Amino acid sequence: MAQERLYLYPVWLRLWHLINALLCLILIITGISMQLSTPSVVLVGFNTAVTIHNIAGIILTINYLLFFIGNLFTYNGKHYQIEFRGLIKRLITQVKYYTFGIFKGETPPFPITRENKFNPLQRFSYVFIMYLFVPIVFITGWALLYPITIPTTLIGTSGLHLTDLLHIIAGYIISIFMVIHIYFCTIGKSPLSNFKSMIDGYHEPH
Ligand code: HEM
């Protein structure tokens with residue numbers, strides 16, 4: 001019997017995700033451009049890159065509030081609660097499925113349901129990215145926009161350098177996440193079905 005389609009991605013979430021994905025792309029391109037720019041090699045003009053990066057960062061922070069408030073007041077927030085008991089075992093089961101089971105045509109160990117729309121690896125990585133690294137990136141970003149707020153010395157070193165380092169590390173982690181995230185999103189009923197879900201809100205069961 002064919003399984004029914006599940007409505008898992010409400011409009012506010014899809015809107016947040018679309019804006020967030022576009023902004024992250026803009027931030028990565030302008031961020032790398034600023035970092036690598038020399039007088040002879042310029043990806044985007046330095047001053048233009050700074051302006052675009054600042055504006056995109058401000059919009060990303062406002063957009064993050066949509067995600068945060070949406071998860072606080074709707075059922076979607078339940079998918080971001082981590083049950084620590086048995087977590088390692090669940091993560092290993094999912095890794096085993098991605099490395100072996102999937103190639104042998106086994107059924108997923110954690111089928112998608114209305115109550116459980118993420119597998120353990122998704123849940124874990126989404127929580128880490130959305131509640132740790134994205135906040136780190138925009139909080140340090142705002143601090144760099146208003147450097148007067150940064151203490152001159154922090155744990156024995158320059159506060160400005162430390163804030164900058166944290167900003168860049170979090171930015172690179174989000175960039176790496178994005179590449180892996182897009183790859184894993186191609187694992188669905190068809191390579192494009194998960195992307196379609198983020199447009200119409202419905203998950204296509206296997
Ligand atoms: C062009 C870039 C991106 C594409 C094409 C993309 C694609 C997708 C797709 C297809 C899904 C639905 C499948 C699933 O539930 O895993 C999804 C969900 C999600 N994505 Fe992305 N994504 C992109 C960028 C990002 C970025 C930059 C972040 C975070 C910084 C992010 C965070 C998330 C989160 C948290 C979810 C789950 C949302 C929920 O259902 O509560 N994505 N993405």
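Domain bounds here come from an automatic or database domain assignment. On that basis the chain splits into domain 1 (16–73) and domain 2 (85–206). Everything that follows is read from a predicted model, and the confidence scores are a good place to start. The chain has a mean pLDDT of 95, with 98% of its residues at 70 or more. Taken element by element, α4 comes out with the highest mean pLDDT, 98, while strand β2 (residues 153–154) has the lowest, 91.

Now for how the two domains sit against each other. Their C-alpha centres are 17 Å apart. Where they meet, domain 1 puts in 10 residues and domain 2 puts in 10 residues. On the domain 1 side of this contact, α1 and α2 each bring at least two residues, and α2 has the largest share, with 6 residues. In terms of chemistry, that side of domain 1 is made of 5 nonpolar and 5 polar residues, with no charged ones.

The packing inside the protein also involves both domains. The largest nonpolar core has 8 residues: Cys24, Leu27, Ala56, Leu60, Val134, Val137, Phe138 and Ala170. At least two of the core residues come from each of α1, α2 (46–73) and α4, and α4 is the top contributor, with 3 residues. Seen by domain, the core takes at least three residues from domain 1 (16–73) and at least three from domain 2 (85–206). Phe138, one of the core residues, is worth a closer look. Leaving aside residues up to four places away in sequence, Phe138 touches Gly57, Leu60, Thr61 and Tyr64. Of these partners, Leu60 is itself listed in the core.

That leaves the ligand. A shell of 22 residues surrounds the ligand, and the closest are Ala21, Cys24, Tyr126, Cys185 and Asn194. Cys24 turns up here among the closest residues and also in the largest nonpolar core. As for where the shell comes from, four helices each supply at least two of its residues: α1 (11–36), α4 (120–145), α5 (159–185) and α6 (193–200). Both domains take part, since domain 1 (16–73) and domain 2 (85–206) each give at least three residues to the shell. And what sort of residues make up the shell around the ligand, by count of nonpolar, polar and charged? The split is 14 nonpolar to 8 polar, and no charged residue appears. The side of domain 1 that touches domain 2 likewise has no charged residues.

Key:
Residues are numbered from 1 along each chain as its sequence is written. This is a predicted model: local features need pLDDT of at least 70, side-chain atom pairs count only at pLDDT 80 or more; totals for chains, interfaces and linings use all residues. A residue is near a molecule or strand if its C-beta atom, placed from the backbone, lies within 6 Å of it. Ala, Val, Leu, Ile, Met, Phe, Trp, Tyr, Cys and Pro count as nonpolar, Asp, Glu, Lys and Arg as charged, and the others, Gly among them, as polar. A nonpolar core is a set of buried Ala, Val, Leu, Ile, Met, Phe, Trp, Tyr and Cys residues joined through C-beta atoms within 7 Å. A residue is buried if 20 or more other C-beta atoms lie within 10 Å of its own, exposed if 12 or fewer, and partly exposed in between; C-beta atoms are placed from the backbone. Two residues are in contact if their C-beta atoms, placed from the backbone, lie within 7 Å. pLDDT is the predictor's confidence in each residue, from 0 to 100.
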